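Visitor: I should like a close look at a single part of this structure, namely the lining of its second largest pocket. Please describe that part, and then whatever may be said of the residues and rings elsewhere in the model.

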Amino acid sequence: MNLLKTVVVFLFFTSLSFSQSKIANDTLLASQYFKTADSLLSDRKFDESIELFKKVLPIYENAQAWERVAGCYNKIAENQVEKFQFKKCLFNAKKALEICDTRLSKNNKQKARAYNNIGSYYFQISNYDEALKYYEESLQIKLNILPKNYLEISNSYKKIGNVYYMYHDYDESLKYYEKSVNIRLNAVGFEDEATANSFSGIGNVLDRKGEYNKALEYFEKSINIFKNLFGEHHESLSPFYNNISTVYKNLAEYDKSLIYNKKAIDILENKYGENHPSLIGNYHNMGIVYHKMKMYDKALQYYQKGLSIIIDKFGDKHIFTAHSYNNFGKTYEELEDYNIALDYYLKSQTIYKSTLGENNANIANAYNYTALAYFKNKEYDKSLQYYEKAINANLKNVDNEKIEYDFNSNYFFDLNTLLISLEGRADSFKELFKEKGNLSNLEKSIRLYTKTDSAINIIGQGLNGYKDKLTFAKKAKEVYNGIVEAQILYNNLDQDKKSIGQAFYYSEKSKSNILKGLLNMENGKNFTGLPLNLVELEKDIRINKAFYQSQINKEFSKKENDSAKIIEYENELFDISRRQDSLTEVLEKKYPKYHQLKYKNEVILIADVQQKLDKKTTLLEFFTADSTTYAFTISKNNFAIKELSTPKLEEQIERFRASMTKNYEEYQESSYLLYQRLIAPVKDELIGNQLIIVPDGPLWHLNFDLLLTEEDTSNNPRTWSYLLKDYAISYANSATLLFGNEGQQVDSKKEQECLAFSFSSSGDTISTTRNVSLETFRNSSMDLPGTREEIKAIANIVDGQYFYGSEATEENFKKHAGDYNILHLALHGDVDNERPENSRLYFTKSKDTVEDNYLYSHELFALDIPAELTVLSACNTGTGKIAKGEGIMSLGNAFQYAGTKSLLLTNWEVSDETTPKIMEYFYTNLKEGKNKAEALQQAKLQFLATTNEETYHPYYWGGFYLLGDTTAIQFQDNNYIYWWVGIGILTLILLSLFWYRKRVLN
């Protein structure tokens, strides 16, 4: 018996030992399988990875390694998400959760992952409420059990950011993406796949918020990271290329959009073929671009390719299907097949309601599309109905009646969608008024337009990038077109002067808002008590940003540029931009007075303009809209508005400009035609001999003083009836900028009068000459080629400092520009119409400085130049691309941003032969006390009267124009005269009193 017991025990322990050994061996094998499956997952070989994890599962279950079992189920679920097998993903994620709840501790890593995977399932089927709930559960567990900056926490923040992005709650989405990025940057730096994905998420939010150029920066950063990690053709690059394509589409740069979208499609089709779900977004994006290019057949082909995959993989009730139906609808709408378009919109609305509910930005957009189709079909009652539905669907559980009295951006999912609804509804009421003549419809239209203005203000405040503000300004200008027209219609009914005032108010609202904002920002720093260290930090950031942008430009200008250097500079610029955004956020949150002044969007009223004008000055402000231009005339005691018919205005102005170098007859004809269109109808309203013009649109390219007031047939340009002979004309970006900020501007008066520079090439005979005072230069006898003759002419009139030869460097300009009342830059200029921020002035090349001898427009953003007057006598300094709602993007604008009160600019190439004499007359007139506009007017007339026949055509003397403040400059000599006059008067008074007293006493 004892022997039997011993044998049994021996066999039991032998069996147990064998079993344990087998389990140990199996577990070791399972670990190897697990690692291999993980690496396959990283290589996106999902099928092979799933099979290995399935092999591992029974081994770990047998070993009762429950955390590993849960881990396998989670890994399988994650693979299935990537394969778009969402129901299978949910099944395996729930299995993992079940094991966690029954076998493991309350809070553990695998449970957090299971919640995350369940959230991913709900996210993919568009149930965002459930997705957010599970993602937040996952995050909470991670926060409880993991270190604060653990990468898994970063992943949860990104997932939650994705949900808020789908909610169209972009501010909240951005907050979570930033949290995700900050953790990853601190832990692993830039060269990380998940960091790149988070950057892409931020880019998507910025794109939706209308910050397109900043979005591009983030997408390009993501692409560079992925290229460094995986090479040029990895499939992970495809969504980034698609994102960039979307941005270029939004910027209306369709050729670029197609290029990037094709890159994305080629990568995915080569990897997966034409029917993979990853291609859905690319096909639809390609279709949208072709739609924008009016290639509707191609658009429909790509929409169909995308829709076929959606139906196959997700069914006909998915949110992607609804998006696709909207795209079809918009294209049929453009084809004026409104019934088919409306049918597609109705289908999309049904899907959105069933998947997202009644209130969300997606269904609001679908209602907007439906409303626009009815509007185009002139069914205004129905368009009103659907625009109202769109506004209601966009509301976040707020009673619609409340927004009638308390407009608040927090009430809505998406302000850009709301802006479309409000504008469309206002347009519909206006068209109903035109159709039926019911005054209440016009009044409703005007009230709604007021709300569009509020939405524009709020959206505009959310944009930080200069280029993005320009893009939005174009959109805002189109809205203001409708508002101004509505006010004019109201004025036509009862000649109500209040309507003219309102029309002028919105005309001003549409002009130069970026410049207003930048000047407000500078005033905010000076007048709201910001700590000096923060002001200096902000300035340092601007300087560094300008430096690296210049370095990039410099590298691209080389025949063989260094791509490594460009990437290095772009990385620096990216970091600087992020620091600038962070500092801006801090300043606006911690210093509310600064925020309030920075975003002050008040505009000057007509009564305030009249108060600023004297009896001999009239303000003439234009507002262009399609084939109509509105002309506001404001004088000391009167104001009026005139509707001008201006079809083909841009074409006529181009013809006028072209006639400058052609025969007299064409100049006379085009000049008189423009006078008849623009000035003759308002001539009786122009009081006095001083005229301030606020142009709009293509009118920025027109020198009004060269218009002919009569049908001249003479071949002698001296006798022609130039408007110049009747008025001293100056220009302004807006009346608000000209008159509205006088009390806030820092005093720009300096001790020194004039700082002058002239360009010298490397072959200049005096390229080693040092700088001299203008007084010394006045008496010099050196040769005077080119621009030095111009400087010599003004040296006889004003004092100051003159830099030429090797001293005429960018570095010397930046060092001294803030110390003078007048800057005179006789330099070469180069205007970049495609990228106005890269327009530049040329200084003398120097090897002993970090500067590159090019002063770019973007560099002036980092400078403080509070001069009374800057004269840019280089060619084309006042020309540039017209930006709707902002005006002309010229080199002169950049000096305004830097603080200069007024500028003398050129609208075309100026002549070295004639410019010195014109400048001599101009400065002489200034020195005699004439205001700047009169000084320029008289200089032109003096030149015309004295020049020879070779140079008396307006081309040689008419290109100069004055922008900004016209006030006379108080020169030092003038001040001394005033002192002596004052002393003389006082002496006479004292002598008179002495004589009178002596006489009385006698």
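Guide: By class, the residues that line the second largest pocket comprise 16 charged, 11 polar and 11 nonpolar ones. The model is a predicted one, and the lining amounts to 38 residues in all. Those nearest the centre of the pocket are Asp171, Leu174, Lys209, Glu211 and Gly462. Two or more lining residues come from each of the helices α8 (170-187), α9 (193-208), α10 (212-230), α20 (415-436), α21 (439-461) and α26 (563-590). The space within this pocket is about 1,500 Å³.

Helix α8, one of the contributors to that lining, also takes part in a pairing of aromatic rings. Tyr176 lies in α8 and Tyr164 in helix α7 (residues 151-166), so their pair ties together parts that are 12 residues apart in sequence. The two ring centres are 5.7 Å apart with the planes at 10°, and the pair is therefore classed as stacked. Tyr164 counts as buried because its relative accessibility is 14%, below the cut-off of 20%. Tyr176 is likewise buried, with a relative accessible area of 12%.

Tyr164 and Tyr176 belong to one aromatic cluster, whose other members are Phe123, Tyr128, Tyr157 and Tyr167. Across the whole structure, a search finds 50 aromatic pairs. One of them joins Phe123 and Tyr128 in an edge-to-face arrangement, at 5.5 Å from centre to centre and with 65° between the planes. Phe123 and Tyr128 are both buried.

Aromatic rings also meet charged groups. The ring of Tyr325 has the charged end of Lys347 over it, 5.4 Å from the ring centre. In a second instance, the charged end of Lys927 sits over the ring of Phe971, at 5.5 Å from the centre of that ring.

Helix α17 (residues 361-376) contains Asn368. Asn368 has a relative accessible area of 4%, which means that this residue is buried. Beyond its neighbours within four places in sequence, Asn368 is in contact with Tyr387, Ala390, Thr417, Ile420 and Ser421. The C-alpha atoms of Asn368 and Tyr345 are 9.7 Å apart, while 23 residues separate the two in sequence.

The loop between α17 and α18 (380-393) holds Lys378. Its backbone merits attention, since most residues other than glycine have a negative phi. Lys378 has a positive phi, near 60°. With a relative accessible area of 59%, Lys378 is exposed, whereas Asn368 of the preceding topic is buried.

A positive phi is found at Asp626 as well, with a value near 50°. Asp626 is placed in the loop between the strands β1 (617-625) and β2 (628-634). Its relative accessibility of 80% lies over the 50% cut-off, so Asp626 counts as exposed. Lys378 and Asp626 thus each combine a loop position with a positive phi and an exposed setting.

Technical notes. Residues numbered from 1 in each chain as written. Predicted model: local features only at pLDDT ≥ 70, side-chain atom pairs only at ≥ 80, totals over all residues. Heavy atoms only, no water. 1 Å grid on protein atoms, 1.4 Å probe; cavity = no way out; pocket = protein on both sides within 12 Å on 5 of 7 lines; lining within 4 Å. Points joined across faces, edges and corners; volume = space filled by probe spheres on them. Helix = DSSP H or I, 4+ residues; strand = E, 2+ residues; numbered from the N terminus. Nonpolar A, V, L, I, M, F, W, Y, C, P; charged D, E, K, R; others polar. Buried < 20%, exposed > 50% of the residue type's maximum accessible area, 1.4 Å probe, protein only. Contact = heavy atoms within 4.5 Å. Phe/Tyr/Trp six-rings, centres within 6.5 Å; stacked < 30°, edge-to-face > 60°. Lys NZ or Arg CZ within 6 Å of the ring centre and 35° of its normal.
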